[in-house]
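Reader: I would like to go through the wording used for this structure. Please set each label against its cut-off.

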Amino acid sequence: MSRLVLTDVSRRFGAVTAVDRFSLILTPGEFVSLLGPSGCGKTTTLRMIAGFLAPSEGTIAMDGRVVSSPGSSLPPEKRNMSMIFQSYAIWPNMTVAENVAFGLEVRRRPKAEIRERVGRILEVVQMGHLASRYPQELSGGQQQRVALARAIVVQPAVLLLDEPLSNLDANLREEMRYEIRRLHDEFHITTVYVTHDQAEAMVASDRIAVMNQGRVEQVDAPRALYARPRTRFVAGFIGRTNLLDGESRGDDVVFDGFTIPRRAFPEPAAIEGRVGFSLRPQSIVLHRQPPPSTRAAVVPGRLVQRAYLGEHWDYTVRPAGTRLALRVTTRPHEVFEVDEKVWLELDPSQMAALQPE
Amino acid sequence: MASDRSLVVWLLLIALLLLLVINPLARLLWASFEHPDTGAFTLENYAAAYGRWRNVEALINSMIVGLSVAVVCTIFGVPMAWAVSRTDMPAKSLVWAAVLGTFIMPNYLGAVAWILMAGPNAGWLNRIYSALTGASAGPFNVYSMTGLVLVISCYSFPYMFVFTRSALELISSEMEDAASTLGAGALRTTLRVTLPLALPAIMGAFIVVFLEAIALFGSPALIALPARFQVMTTTLWQMFEFPPRVQVAAAYAMPLLLITVFLFWLQYRIIARKGFVALTGKGGERRLMHLGPWRWVMLGYCLLITSLSFFMPMAVILQAAFARAWGRGFSWDNVTLRNLRFVLFDQTATRMATLNTFVYAAAASLIALGLALAIAYIVARRLVPFGRVLTYVAMAPFVIPGIVLAIGFYAAYTAKPLVLYGTAWILILAFATRFLPIAYTNSDAALRSINPELEDAARILGGSRLLALRRVVAPLLQRGLAGAFILVFIPATRELSSAIFLYTTGTQVLSVLLFDKSDEGNFELLSSMGLILVAVTVAMVLLGFRLIGRDFLLRRTAT
């Protein structure tokens with residue numbers, strides 16, 4: 001059975017449609033991220049799941065029971081969910097232990113049980129020694145851990161996270177990504193995670209829903225999302241890419257300056273008419289001499305720009321007779337000079353066909 | 001949200017807001033068009049109000065007083081604000097304390113002090129003048145238009161000071177440096193850069209002071225009436241002498257209301273204009289201007305003005321409050337505690353008025369604060385549609401002169417269905433309404449300082465909205481609300497202009513009693529009553545310092 005089902009959920013604020021027919025199904029224990037640029041509707045979606053906002057259209061069901069619909073919305077306090085907020089929302093008038101105990105007190109657990117569970121969860125997030133501190137005395141990372149403990153201790157049916165790491169500095173953010181995944185592996189709480197940072201989403205999620213202008217562009221596992229983006233937006237938003245416009249003519253797909261046989265592509269049947277392709281910079285191989293013939297297309301070109309970034313080279317190559325500018329990344333020891341004549345090896349199996357706009 | 005049980009509570013509070021603000025205003029407007037006997041629609045009230053030259057003249061006098069006071073306040077307040085905020089003038093904290101002291105004096109107590117200082121013949125200044133020159137009479141007479149303007153200015157210039165200072169504090173030295181590097185000297189920089197940047201604030205204060213002056217009742221009643229001229233507020237008051245002519249008074253008050261609303265709107269527009277970046281951005285580093293020997297001149301100027309507004313008046317009030325007879329001067333055998341004891345314990349009327357003052361003020365503050373907080377919360381959390389409108393309603397009393405509000409209350413609550421006149425409630429509710437805007441701005445600010453996510457966090461963990469309010473919001477608001485309470489309580493203890501229309505026997509407060517007793521000429525008693533108000537205010541202010549910080553009374557929001 002599914003834990004959380006969103007069916008065609010829309011939300012409008014006046015004339016603005018913040019979320020547009022959003023559908024998603026989460027199985028119990030799954031970790032799904034909502035990823036997108038700011039203003040794409042991901043936080044609005046999260047707040048509808050939490051019950052702070054009612055949908056304008058569509059329904060949200062939890063364990064088979066509809067909790068949100070345009071007419072009636074179960075208030076947040078009745079949903080058995082937890083949420084971690086951008087500001088952490090640690091109550092400054094309560095100690096760490098009191099903060100964590102709040103949810104259990106509301107659930108009227110016996111005192112001894114509360115003490116025991118609060119103590120245990122604080123150990124899990126490595127905050128046991130700070131239980132009697134007030135939040136003002138904690139660092140940002142520590143407050144984050146308190147927020148995690150407070151949300152997890154009640155063993156919610158669904159855990160919601162709203163850009164929880166955006167206020168941390170870079171190093172801490174990296175550490176906390178893994179921490180969040182570790183806690184998920186330990187407690188298996190069904191989780192919806194909102195972020196605009198693709199690395200965060202990639203590290204923590206089972207699946208990622210990429211959102212743009214209120215709509216879901218694609219829902220997939222991190223690897224599939226990167227390797228096979230289905231829309232222009234996803235291809236550009238997750239990592240860097242080259243977008244190539246091709247046209248299917250007979251047995252060939254014709255690009256500006258070169259041609260690739262249609263059967264070389266993984267799903268030749270899907271390619272019809274004008275099609276865009278995404279090709280990652282590191283999927284292109286650069287050669288000084290024409291490489292021996294393979295399934296790949298080989299295109300001569302000229303190197304027009306380069307930058308050395310330590311971990312890799314970042315080259316821009318213009319295929320001969322075109323105005324294209326393809327980005328290619330290579331390992332640090334593969335050095336080419338600007339204006340050098342080079343051959344590009346484009347592997348059709350790495351080229352993801354995009355849906356028409 | 002419809003399922004939220006707290007909705008009933010919100011609707012009740014909104015109803016109360018309508019009862020306090022909208023109903024009196026609506027009844028005021030209605031009364032101005034209502035025939036006193038038949039209740040039919042008529043324009044006669046306006047004819048009666050403005051058909052007499054005496055009444056028109058009072059209106060003209062009010063405008064003269066308002067404009068003169070605004071000009072004098074600019075001359076008083078702007079140089080002081082500049083000296084305190086931008087120069088190396090010595091003894092700034094003394095000047096600051098004196099301005100605060102001026103704020104603490106109720107204007108009518110200031111008027112009493114000035115009667116003691118500049119009353120014809122017996123006033124201290126005249127006696128000193130005679131003693132020095134040997135002349136038989138001194139030149140000072142507080143019972144004149146000049147005297148009235150000076151007295152009101154003394155107690156209104158702090159607005160100018162506060163507005164200007166807030167603006168100057170936001171101008172970074174880099175703006176002045178930019179002028180200096182282009183070759184402008186200190187004087188030119190100040191006149192061409194610094195002051196023009198502060199100009200919107202100064203114009204805003206000019207309007208506020210003007211409105212304050214024309215709406216004032218205490219000082220004009222104490223000074224203009226003996227000097228045999230009238231202003232609008234004293235005329236309105238006389239219309240309430242038995243039998244009260246509410247309808248005519250309502251008609252007469254309409255222009256005052258309209259002028260006030262218009263000018264406040266204008267002031268809002270001037271201040272809100274974003275053209276001057278300096279007033280909106282955060283001030284950068286600021287350095288003080290070195291005045292050289294001129295800094296002593298500036299200090300002299302500041303001390304001269306605060307002597308007129310605070311040091312001398314406070315001295316004569318203290319002397320009179322503790323004197324057997326104030327005219328006998330400063331000597332030990334003239335000192336007595338009899339006056340204070342008489343006011344606080346012996347005489348029933350003053351004892352009761354003292355008690356009433358603080359009970360009513362406390363009740364009004366609590367009501368205003370509770371209502372303001374609830375409204376601010378409803379608006380901030382969008383609990384009802386059209387919440388923004390509630391903000392305007394809660395802020396509306398800000399642009400209603402106290403005296404007009406009182407007439408509205410009188411018109412609304414002397415007749416059925418709801419008769420409050422004759423009870424303490426009409427005073428308490430009028431005070432609460434009058435100072436609702438102060439309570440609202442402070443509640444709103446306190447609420448805004450609390451991230452809504454703190455409340456959301458309590459709800460998602462299973463707490464209801466009311467539990468979240470109780471466990472999270474209320475504890476966090478405590479400090480801010482204590483400050484707001486003080487800011488409402490202080491003006492409520494001294495409020496005269498609305499109380500004078502609404503009190504009856506048994507519900508007098510100190511301000512009313514002080515005014516009532518003023519024609520008996522017992523200045524020792526008046527000073528004692530005033531001193532009690534001042535003492536309580538000082539205690540509240542000190543408490544406010546501890547709770548909120550040194551600046552809380554002289555902030556822009558406090559005015």
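**Labels and their cut-offs**

Author: Helix α3(B) bends by about 25° at T74(B). This is a predicted model: local features need pLDDT of at least 70, side-chain atom pairs count only at pLDDT 80 or more, and totals for chains, interfaces and linings use all residues. Residues are numbered from 1 along each chain as its sequence is written, while chains are lettered from A and ligands numbered from 1 in the order in which they are written.

Reader: What makes α3(B) a helix with that number, and what is meant by the bend at a residue?

Author: Helices (H or I, at least four residues) and strands (E, at least two) are DSSP runs, numbered from the N terminus. The bend is the angle between axes fitted to the seven residues ending at a residue and the seven starting there. α3(B) covers residues 53-86, 34 residues in total.

Reader: How do you know that the span of α3(B) is close to the one expected?

Author: The expected span is 1.5 Å times one less than the number of residues. For α3(B) that gives 50 Å, and the helix reaches 48 Å from its first C-alpha to its last.

Reader: What about helix α16 of chain B: how do its end C-alpha atoms fit the expected span?

Author: They agree, because the 33 residues of α16(B) (348-380) should span 48 Å and the end C-alpha atoms are 47 Å apart. After α16(B) comes R382(B), with a positive phi near 50°.

Reader: Why is α21(B) called oblique to α22(B)?

Author: Helix α21 (452-460) and helix α22 (465-494) of chain B pack at about 125°, with axes 9 Å apart. Axes are lines fitted to C-alpha atoms, for helices over the stretch in contact, and angles run from 0 to 180 degrees between N-to-C directions. Under 35 degrees is roughly parallel, over 145 roughly antiparallel, 65 to 115 roughly perpendicular, and the rest oblique. So α21(B) is oblique to α22(B).

Reader: Which residues of α21(B) and α22(B) meet?

Author: L454(B), E455(B), A458(B) and R459(B) of α21(B) meet residues of α22(B) including R465(B), L467(B) and R471(B). Contact means C-beta atoms, placed from the backbone, within 7 Å. By class, this contact has six nonpolar, no polar and four charged residues. Ala, Val, Leu, Ile, Met, Phe, Trp, Tyr, Cys and Pro count as nonpolar, Asp, Glu, Lys and Arg as charged, and the others, Gly among them, as polar.

Reader: Why are α20(B) and α22(B) called roughly antiparallel?

Author: Helix α20 (436-448) of chain B crosses α22(B) at roughly 165°, and the axes come within 9 Å. The two are therefore roughly antiparallel. Their contact has eight nonpolar, four polar and no charged residues.

Reader: What makes α24(B) roughly antiparallel to α25(B)?

Author: Helix α24 (510-517) and helix α25 (523-548) of chain B cross at roughly 165°, with axes that come within 10 Å. That angle makes α24(B) roughly antiparallel to α25(B). Here the contact has eight nonpolar, one polar and one charged residues.

Reader: How many residues of chain A are in contact with chain B?

Author: 20 residues of chain A contact 16 residues of chain B. On the chain A side, β6 (81-84) and α2 (96-106) are the elements that give two or more residues. By class, that side has 13 nonpolar, five polar and two charged residues.

Methods: Contact = placed C-beta atoms within 7 Å.
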